[in-house]
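Trainee: Could we go through this model together? I would like to see how each label is earned.
Mentor: Gladly; ask away.

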Amino acid sequence: MSSKAIYEANGKDLINRHIGSGTALVPCRFAVFEQGTIWEDELGKNPWLSKEQLVVKPDQLIKRRGKLGLVGVNKNAAEVRKWISEHCGKEQQVGTAVGKLRRFVVEPFVKHQANEEMYLCIQSGRRSDTIMFHHQGGVDVGDVDALAVRLDVPVDTFPTGEEIDTVLLANIKTPAIRRMLSTFILSLYRVFVDLCFTYMEINPIVVTNERIYLLDLAAKLDQTADFMCAKNWGEISFPPPFGRDAYPEEAHIADLDAKSGASLKLTILNKSGRIWTMVAGGGASVVYTDTVCALGGAAELANYGEYSGAPTESQTADYAKTIFSLMCRDKHPNGKVLIIGGGIANFTNVADTFRGIITAIETYKDALLQYNVTIFVRRGGPNYQEGLRQMREVGHRLRIPMYVFGPEANMTAIVGLALGQAPIPADHQLDYAPKQLPKPQVAPAPKIELPDLTNALLDLVCSQAPTKMDLGQQMSTARPLFSDRTKAIVWGMQNRAVQAMLDFDYISRRAEPSVVAIVYPFTADHKQKYYFGNKEVFIPVFCDMDVAMRKHQEATVLVNFASLRSAYDSTMQAMQHPQINTIVIIAEGIPENMTRKIVKLADARGATVGGIKPGCFKIGNTAGMIDNIIDSKLYRPGSVAYVSRSGGMSNELNNILSKHADGVCEGVAIGGDRYPGTTFIDHLLRFEADPNAKMLVLLGEVGGVEEYHVCRAIRDGLITKPIVAWCIGTCSDMFTAEVQFGHAGSLAGSALEKAVAKNAALKKYGVTVPESFDTLGEAVNKVFKKLVKEGKIIEKDEVEPPKVPMDYDWARKLGLIRKPAAFISTICDERGQELSYCGVPISQILERQLGVGGTISLLWFQRELPEWACKFFELVLIVTADHGPAVSGAHNTMVTARAGKDLISSIVAGLLTIGDRFGGALDRAAADFCSAYDRGQHPQEFVNEKRAKGELIMGIGHRVKSINNPDSRVRELKAYVTSRWPAWPVTRYALDVEAITTRKKPNLILNVDGIIAAAMVDMFRHCQLFTQEEGNNYIHMGTINALFVLGRTIGHIGHYLDQKRMKQPLYRHPWDDITYMSPLN
């Protein structure tokens, strides 16, 4: 969500730190006490606590604390300490919410007169911020909305002191106080804008003749602006509303969400609840919650949340495990139900996410059975058939009651089954589960007082959120948003989305592709290949948007896939080009200050997050895969035009309208942010002017007042076509604590913003409003049949659409084709969320501290070797890392580095010298020693044989070291092997050979190559993890020599860096070190 409340203490701290100098504001002093806070520590940090009279109050987002008796005034330190001890941990009811008092803020008591209390509030709106001021404040101020004077500050402007003085401060008679207040309000508004506040209420603000004091503050920040404001905010927490505790699982999912490109949300409503949900999609999650509450399950509903935006398999598994861990704590006599629901996905691979859920089910299988959990599944979208098949299979295999449905079922039909309102269909019944579940214990429905929506109230509501028409701006309703000749430029390298658009173009029988160019700033200009039916087409990719626009003047639409961090800049740049009349912004969660600037500039243009005009044009991944487009008949126009908040729910609407009417004429999803680029009324007026749209559908939601503009348009005759509408979020009154639903805009700020109030208002003005979302299709069908009967809609014969070839990758995922792989890899897999080495996740490798040796054992030998073997690998790397600059490998590396070559070239030059004469004798030594040992050849016979053949004994001999000057590296390795190896016969054999060769020459010792080679043979043969054949194969493959190569690479890098660090010049070998000889001599 975007607008989130913060603690009063945090709000005052932000004002303290960021308000400009020169105001009369007395900096706020406060101390925060929580459970566990040591009083004496706070006294040490804040000496004023023991010297001044104080005020104490809870700091837990509680409104009207004074009226609830939750403010202790004019108390000394001892009295405050007693007050806190009496209230801390105490259960408190605030409205319908019940919670415990746990956090308190203590401030100096400000002695003042009642007439010095005033009221100040700043709040953001779609087109302006509103500053409200009243010269009287405090707990008894009354209806401040009616009493306060208002100054609207248009977006991206700043008020003047004169405006504040004349509009807001007319009732302040003292000129000095007016000047003081004017200066303060200007400075405070600057803080409001710069720190991305969305709401700031100070009641009362105390204004004396010389100073200003902030007594009580309520504030909200735009959480989506965190990436811009984190430094200025500092440590800011966003607490849950009073009456709902914060759970570590919620924090875990929030952290997972922050690190993911997907959307993962979790709110725990009742940890002991029987009904749990795991719903894909922000809009769908609200619809499912509505249905649970409508069927009497509100009191037993345990959680609210969503997973959407194509989370990875492991992210979905993590989310599901979190849900299961919460479910399987408290038993319920009737067992528990888990509703895994969702609409028809646009681009999420359903099978991939379901594999993550299956991983979690297998992890918690025993607990799910122990806690008697029954699972209901409904989903559609890409690869849903495979996903549903896998879910059915795991349910049968583990004997967990699981009922699985696809898009053929109504989206929320499984809720009625889960809550026992209907029996399990005969073809889904299981022999190990009941045929009908128990019904929930229905809690008394809350009494909802709906305001009487008079024409005067309707006009007042609409005036506070004016449309472009209200502001006198011209609205073009004659121009269609898209046509079969619409051309688009796509921002972002979204190959899948672009191909989906081209496939839709082809199936809609467009003459040519709708995408003419792609803008991607992170690459050079080039052409990207796509398919238009069977034909390959090349679409140009530009790194500069201005160049793309100049070369493709025919493009009128920009589909902007930029992230929420960069969508603002790219959108503003696009709007400098007059050819662009529609901009599609895919990202949600753009900071509201940025969004409102876009809205201000885009009022004369279109802006949305998803849309489709069947037979003409579709935006990105809208409507999902080709099979869903065919099932929903989106390849040809129908008669129903719809507008929805939710992009995910638009697919459900496509499905509903194809089943209950003749399909979609045009569909638009405006997005779930508080300030979407376009509004419901913008599109409904276009649909009204479109002769092809015979009936309209509106899917609204809780929060905002956009639906009231539709009521007014119907009243004023601007909309005459029949409308079917439903506002989701009717469950909002069922919860004792405030719940933020999936979209940033879906939070009721007043009674009129409740979904129930909107549905009632729409019905009053002649809109067909169903009883619930479940019956939306029936309502559509009723209106559709009426229009057919009246002759306003003439049903047409269906035409078979062209066949779109299936992409190879997708066909492979569906298991429709097979192809031998070009490569086989058995040691590493990077495809999941987490890299794994030979099946061991990288996190486990780090947690278990397997180290470099353990990593070698996994990647080289495909198994976890004993700790002593892994430690030996690391010792080998240490002793072979370098042997000075004079040896050929280091020398070559240094010469190459001094020739100005790069790191890779220099290292390769050194490594290429490794062979039998330098460093590469390990494999040969291993082969020789083990062959002689296996043949039972006496060490003397082995030496004699080598001498007779004129062959050197690999692993024996050193230029410098000798029996009298032993190599310390060999000594250490030998000591390690003889003390740690379970058996070392080949090493003993090599030492026996050394004893013979050193009798001839003292420098014919077992060298580093020899000891490593013999020890490795013994490791292969006696760690009990290899057969002798496997060990021999590893020797012949060069594995032992690989240890030397890996170790010596470390030294070569060191020599390269050493030469570069000293800036050594090009090396030229001196003449006096070369003997020049002529062939004639």
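Trainee: What makes Val98 in strand 6 the residue that Gln93 stands opposite?
Mentor: Gln93 and Val98 face each other across a strand pair of this predicted model, in which local features need pLDDT of at least 70 and side-chain atom pairs count only at pLDDT 80 or more, while totals for chains, interfaces and linings use all residues. Residues are numbered from 1 along each chain as its sequence is written, and side-chain values use heavy atoms, with hydrogens and water left out. Strand 5 (residues 91–94) and strand 6 run antiparallel and are joined by four bridges. Two strands pair if DSSP finds at least two bridges between them, so strand 5 and strand 6, with four bridges, count as a pair.

Trainee: How do you know which side chains of strand 6 are buried?
Mentor: Buried means under 20% relative accessible area, exposed over 50%, and partly exposed in between (1.4 Å probe, protein chains only). In strand 6 (residues 97–100), Ala97 and Gly99 point to one face and are buried, whereas Val98 and Lys100 point to the other and are not. In a regular strand the side chains alternate between the two faces of the sheet. The strands themselves are DSSP runs of E, at least two residues long, and helices are runs of H or I, at least four; both are numbered from the N terminus.

Trainee: What phi does Gly95 take in that hairpin?
Mentor: Gly95 has a positive phi near 65°, and the hairpin of strand 5 and strand 6 has two residues between the strands.

Trainee: Why is Leu61 called partly exposed?
Mentor: Its relative accessibility is 26%, so Leu61 counts as partly exposed. Leu61 also has a positive phi of about 60° although it is not a glycine. Most residues other than glycine have a negative phi, and most peptide bonds are trans. Leu61 sits in the loop between strand 3 (54–58) and strand 4 (72–75).

Trainee: What can be said of Arg399 and its phi?
Mentor: Arg399 is not a glycine either, and its phi is positive, near 60°. The residue lies in the loop between helix 13 (384–398) and strand 19 (402–405). Its relative accessible area is 45%, so Arg399 is partly exposed.

Trainee: What makes the peptide bond from Asn203 to Pro204 notable, cis or trans?
Mentor: That bond is cis, with omega near 5°. Pro204 belongs to strand 11 (residues 197–207).

Trainee: Why is Thr893 placed where it is on the scale, buried or exposed?
Mentor: At 0% relative accessibility, Thr893 counts as buried. Thr893 is part of helix 30 (residues 888–898). A polar atom of its side chain lies 3.3 Å from the backbone oxygen of Ser906.

Trainee: Which residues is Thr893 in contact with?
Mentor: Contact means heavy atoms within 4.5 Å. Leaving aside neighbours within four places in sequence, Thr893 touches Ser906, Ile907, Gly910, His1052 and Tyr1056.

Trainee: How do you know that the buried residues of helix 15 line one face?
Mentor: Leu458, Val461 and Cys462 are buried in helix 15 (residues 455–464). Seen down the helix axis, the buried residues of helix 15 fall within an arc of 95°, so they line one face. That arc is taken over the directions from the helix axis to the C-beta atoms. The buried residues of helix 15 pack against helix 23 (706–715), while the face turned away from them carries the exposed residues Ala456 and Gln464.

How values were computed: Polar contact = N/O pair within 3.5 Å; in protein donor to acceptor, adjacent residues only side chain to side chain.
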